[in-house]
Amino acid sequence: MKKRLNELLGGWTRERIEVTIRCLIPVAIYAVIYLVWFFHLEGTKALHYTEIHTALDDKIPFLEIFVIPYFGWFAYCAFFFFYFLLRYDLEDFFKNAAFFFSGMTLFLIISSLWPNIQYLRPAVMPRDNIFTAMIAHLYTTDTPTNLWPSIHVYNAIGTHIAIANSERFGKNKTIRISSFIFCILIILSTMFIKQHSVIDVLGGILFAILANLIVYKSEFIVNYYRRYEERLNARRAA
């Protein structure tokens with residue numbers, strides 16, 4: 001088992017452990033800042049909320065089975081984010097982190113300046129089963145406020161883009177197709193369990209397209225990574 005784990009992670013050296021820790025520190029700091037800011041917004045009632053709603057939202061049925069991909073989003077995004085780091089695919093990790101953190105920060109700023117709300121959730125669950133129970137619990141822990149753009153949608157697309165552009169997974173057709181399908185299911189889940197409006201979803205897609213142009217279609221993050229790699233090589237040679 002230990003040998004298999006070592007093979008999976010690609011072998012560890014002292015330098016690799018140090019680099020991994022240096023990458024994790026800003027991630028941990030950002031996570032604390034994000035969560036404090038997010039829960040502050042969740043716990044603060046604004047004087048005025050803009051309601052987000054379209055006629056199409058009323059035509060979308062409530063399908064509780066989609067709570068599975070909705071919650072699966074957490075594992076999907078976290079797994080590949082940390083997998084890139086633990087496998088030492090640092091360029092893919094830097095790009096994935098830049099994609100996530102830029103969009104999540106913009107979401108917090110928008111939510112702070114433009115409080116928004118939706119009234120799509122059913123007052124009474126249409127059915128009584130384990131999935132509706134999961135959704136009911138979700139409703140009690142997550143307020144229907146500050147929803148635009150949908151971070152669920154944004155980060156799901158970001159994860160799929162990271163997979164499709166990675167050296168490790170980009171040429172694996174099975175993984176790419178599976179990732180794409182699951183990404184689509186996550187996007188649909190936000191609407192089918194009435195967590196987000198179509199407008200939130202479109203906002204998440206738009207932001208993901210813009211982030212993709214900056215992170216993956218330009219040299220901005222690549223140049224930053226190359227400078228980091230040069231400093232790392234210089235430290236090795238010293």
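A polar contact is a pair of N or O atoms within 3.5 Å, of which, within protein, one must be able to donate a hydrogen and the other to accept it. The legends below describe close-up views of a predicted model.

**View 1. The side chains of Ser179 and His160 are joined by a polar contact.** The contact spans 2.9 Å between the two side chains. Ser179 is found in helix 8, which runs over residues 173–192, and Ser179 counts as buried, because its relative accessibility is 5% and buried means under 20%. When neighbours within four places in sequence are left aside, Ser179 is in contact with Tyr76, His160 and Ile163, so that His160 appears both in this set of contacts and as the polar partner of Ser179.

**View 2. Cys77 and Cys183 are shown without a disulfide, as the structure holds zero disulfides.** The cysteine sulfur closest to that of Cys77 belongs to Cys183 and is 8.5 Å away, which is too far for a bond, because a disulfide requires the two sulfur atoms to be within 2.5 Å. Cys183, in turn, is in no disulfide, and the sulfur of Cys77 is the nearest cysteine sulfur to its own. Both residues are nevertheless buried: Cys77 has a relative accessible area of 7%, and Cys183 has a relative accessible area of 4%.

**View 3. Phe81 and Phe101 form a tilted aromatic pair.** A search of the whole structure finds 24 aromatic pairs, and in the one shown here the ring centres of Phe81 and Phe101 are 6.2 Å apart, with 55 degrees between the planes. Phe81 lies in helix 4 (residues 67–86) and Phe101 in helix 5 (residues 90–113), so the pair ties together parts that are 20 residues apart in sequence. Phe81 is buried, with a relative accessible area of 4%. Both rings belong to a cluster linked by ring pairs, whose members also include Tyr30, Tyr34, Phe38, Phe39, Phe82, Phe93, Phe94 and Phe100.

**View 4. The largest pocket holds about 930 Å³ of space.** Its lining is made up of 35 residues, of which Tyr34, Trp73, Phe74, Met104 and Ile151 are the closest to the centre of the pocket. At least two lining residues are supplied by each of helix 2 (14–43), helix 4, helix 5, helix 6 (130–141) and helix 7 (151–165). Tyr34, one of the residues closest to the pocket centre, is also a member of the aromatic cluster that contains Phe81 and Phe101.

Note on methods: Residues numbered from 1 in each chain as written. Predicted model: local features only at pLDDT ≥ 70, side-chain atom pairs only at ≥ 80, totals over all residues. Heavy atoms only, no water. Buried < 20%, exposed > 50% of the residue type's maximum accessible area, 1.4 Å probe, protein only. Phe/Tyr/Trp six-rings, centres within 6.5 Å; stacked < 30°, edge-to-face > 60°. Helix = DSSP H or I, 4+ residues; strand = E, 2+ residues; numbered from the N terminus. Contact = heavy atoms within 4.5 Å. 1 Å grid on protein atoms, 1.4 Å probe; cavity = no way out; pocket = protein on both sides within 12 Å on 5 of 7 lines; lining within 4 Å. Points joined across faces, edges and corners; volume = space filled by probe spheres on them.
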